[in-house]
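Me: I should like to go through this model and ask, term by term, on what grounds each description rests. Please set each value against its criterion before concluding.

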Amino acid sequence: MKQTLSLATALLLLFSCAETAKKADTVYLNGLIYTVNDLQPTAEAVAVADGKILAVGTTTEIESYIGKETTSIDLLGKTLTPGFIESHAHLMGIGYNKLEIDLMYVSTYEELVEKVAEAARSAEPGEWITGRGWHQDKWIELPKDAVKGFQVHDALSAVTPNNPVYLAHASGHASFVNQKAMELAGIATLGSENTPQEVVGGEIIRDALGNPTGVLVERASGLVSRLVPKDTPERAEKALELALQELAEKGITSFHDAGSGQEVIDLLNRFKEEGRLTSRMYVMISGRQPELIDSWLQKGPFVDPDHMVTVRSIKLNMDGALGPWGAWLLEDYSDKAGHRGHETMPMALVGEMAEKGLNSGFQICSHAIGDRTNREVLDQYEAAFAKFPEVTDHRFRIEHAQHLHPDDIGRFGSLGVIAAIQAIHLSSDRPWAIGRLGAKRIKDGAYVWQKLLASGAVISNGTDAPVEPLDPIPSFYASVTRKTLKMQPDGGYEPDQKMTRQQALKSYTLDAAYAEFEEEFKGSIEVGKAADFTVFDQNIMEIPDNEILNTRVFMTVVNGKTVYQAD
């Protein structure tokens, strides 16, 4: 009798709890859910309330959370993952790229000239023409009069006699300008009065006679870029609107902005206050603004309690890109004897900022592509860590970590330095990068993701947009296949360094959240975490490799609210 009463009481309590259990605002049912939670790797459904995950389980289990006000979304077998986190890109650059000439897909110099000529036909005399995205190594061929691996400005200048032109390289580490722009900047023939003969940390590319070709590498670009009129507040607002729209459409729920100033931080906070911010922002303060850095170091990081606009990291640009021969190497470029790239900021700055960061709670994120830059940055970090041994959770990062000396790979794990990679760079660059570095350096230390993971390092993933398109699907594809977007070569480049699909998904979710100190709040589908989801129209974890690139984002959810849904 006693057992019967106990059983009845238990059933009554169970029934009562089910009746009074919190009901969901939204439930997502009948899906293929990859949680990135080892304790519950997959599920069918998830319940959301107040922007947080309420429950994860089977569709039958989650249906018990449906109340009168609950919205039910039938996923119809689509794949739902934690919201994808872009861990290194340039927010305003994405927006401005839509307001300027987009040169990312031009395949010849002639096509570039025609795009600029079209813009010039509708421009007022003296008005600046700007664009971004050209990359000479991705063209079908270089013009016959190319100098040092770059095109010459003559054809560009011929179609723009009345307008200065500034065209940023896809990498952001070089530029191409016309005659009018060079005249305004005082860049003339070698030996002319007032002509800058050298630029520290950069180069004016010149022909054999000393004439500038129009290509400016690294800090030399500043000779012209500083003359381009500053943006209006209205144009900046439009650029941000376009960037946020792109993030939502591409399934990005959080974004690491790799170097911005106070004006961008203020604009983001205004968008947040106005309810217009549709992606969570983790802002790195630009290392090119020392006064701004000093002011932030004095007041300390801002960790947003709403998890929408956080400022707790500093971005340092320490070398150039591989395309313009700007990455800083330990040995000469294989295709440019006597040249080893550029140190674009004094390396001692890394040590100085690392110590200040450890003392004030700021994460340091150093751009390093070449093997010498990576080594020198690691050296500076290591020395700073030794001075502040009590700071054990610094999570300092190296942005790109692209080309490493074998002796330095293990240091990422042993020092706890995050490798913030962009797998898509392999797809775009590997076919020609072997010419820059040679087969041995490529094999031993280029894009060595499994070696980094084996060292114990955390890898976060991204695209470096607008250097590459923001879409995470091509970068996910590159992570797991190591092929170009034309699906070459068979088996992929250095296939032993491919990520598994589980590793790739984690690099875009939980590990990317770790890279911004947010792994307890987001990055996996667990009860109590943020309801940030990306829904794909195909199962990216199971479909054949050659179908991954056909995948599209079906829905993007931030804080439990749908910010994008495909037609």
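Me: What makes Lys299 a charge that sits over the ring of Trp296?

Reply: The charged end of Lys299 lies 4.0 Å from the centre of the Trp296 ring. The criterion asks for NZ of Lys within 6 Å of the ring centre and within 35 degrees of the ring normal, and Lys299 is described as sitting over that ring. Please bear in mind that this is a predicted model. Arg395 is placed likewise over the face of Tyr514, at 3.9 Å from the ring centre.

Me: Why is the pair of Tyr109 and Phe176 called edge-to-face?

Reply: There are twelve aromatic pairs by the rule applied here. In one of them, Tyr109 and Phe176 have ring centres 5.8 Å apart and planes at 65 degrees. Centres must lie within 6.5 Å to pair, and planes over 60 degrees apart count as edge-to-face, so the name applies. The pair links distant parts of the chain, with Tyr109 in helix H4 (residues 109-121) and Phe176 in strand S12 (residues 174-177), 67 residues apart. Both residues are buried.

Me: Why is the pair of Trp134 and Trp139 called tilted?

Reply: Their ring centres are 6.3 Å apart and their planes make 40 degrees. Stacked requires under 30 degrees and edge-to-face over 60, so the angle of 40 degrees makes this pair tilted. Trp134 and Trp139 are both buried. Ring pairs also join these two residues with Tyr109, Phe150, Phe176 and Trp325 in a cluster.

Me: How do you know that the length of helix H11 agrees with what is expected?

Reply: Helix H11 comprises 13 residues, 348-360. At 1.5 Å a residue the helix should span 18 Å, and the end C-alpha atoms are 19 Å apart, so the two values agree. Val350, Gly351, Met353, Ala354, Gly357 and Leu358 are buried in H11. These buried residues pack against H10, S17, strand S18 (363-368) and helix H12 (371-387). After H11 comes Gly361, with a positive phi near 90 degrees.

Me: What makes strands S8 and S21 the edge strands of the eight-stranded sheet?

Reply: The open sheet has the order S8-S15-S16-S17-S18-S19-S20-S21, and its pairing is parallel. Strand S8 (84-89) and strand S21 (459-460) each pair on one side only, and are thus its edges. S8 is joined to strand S15 (residues 252-260) by four bridges in the parallel sense. Two strands pair if there are at least two bridges between them, so four bridges suffice. Within this pairing, Ile85 stands opposite Ser254 in S15. Helix H10 (residues 290-299) packs on the sheet, where it touches S15, strand S16 (280-286) and strand S17 (309-317).

Me: Why do strands S3 and S24 stand at the edges of the six-stranded sheet?

Reply: This open sheet has mixed pairing and the order S3-S2-S7-S22-S23-S24. Strand S3 (42-43) and strand S24 (561-565) each have a single partner strand, so one side of each is without a neighbour in the sheet. Strand S2 (residues 32-34) and S3 run antiparallel and are joined by two bridges, with Tyr34 opposite Thr42 in S3.

Me: Why is Thr26 called buried, and why is Lys52 called partly exposed?

Reply: Thr26, in strand S1 (residues 26-29), has a relative accessible area of 10%. Buried means under 20%, so Thr26 qualifies. Lys52, in strand S5 (residues 52-57), has a value of 33%. Partly exposed covers the range between 20% and 50%, so that term applies to Lys52.

Me: Why does Glu494 count as buried, and what is notable about its backbone?

Reply: The relative accessibility of Glu494 is 17%, which is under 20%, so the residue counts as buried. Glu494 is not a glycine, although it has a positive phi of about 45 degrees. Glu494 is found in the loop between H17 and H18. Most residues other than glycine have a negative phi.

Me: How do you know that the peptide bond from Gln488 to Pro489 is cis?

Reply: Its omega is near -10 degrees, and the bond is described as cis. Pro489 lies in the loop between H17 and helix H18 (501-507). The bond from Ala465 to Pro466 is also cis, with omega near 10 degrees.

Conventions: Residues numbered from 1 in each chain as written. Predicted model: local features only at pLDDT ≥ 70, side-chain atom pairs only at ≥ 80, totals over all residues. Heavy atoms only, no water. Contact = heavy atoms within 4.5 Å. Axes fitted to C-alpha atoms, helices over the stretch in contact; angles between N-to-C directions. Phe/Tyr/Trp six-rings, centres within 6.5 Å; stacked < 30°, edge-to-face > 60°. Buried < 20%, exposed > 50% of the residue type's maximum accessible area, 1.4 Å probe, protein only. Expected span 1.5 Å × (residues − 1).
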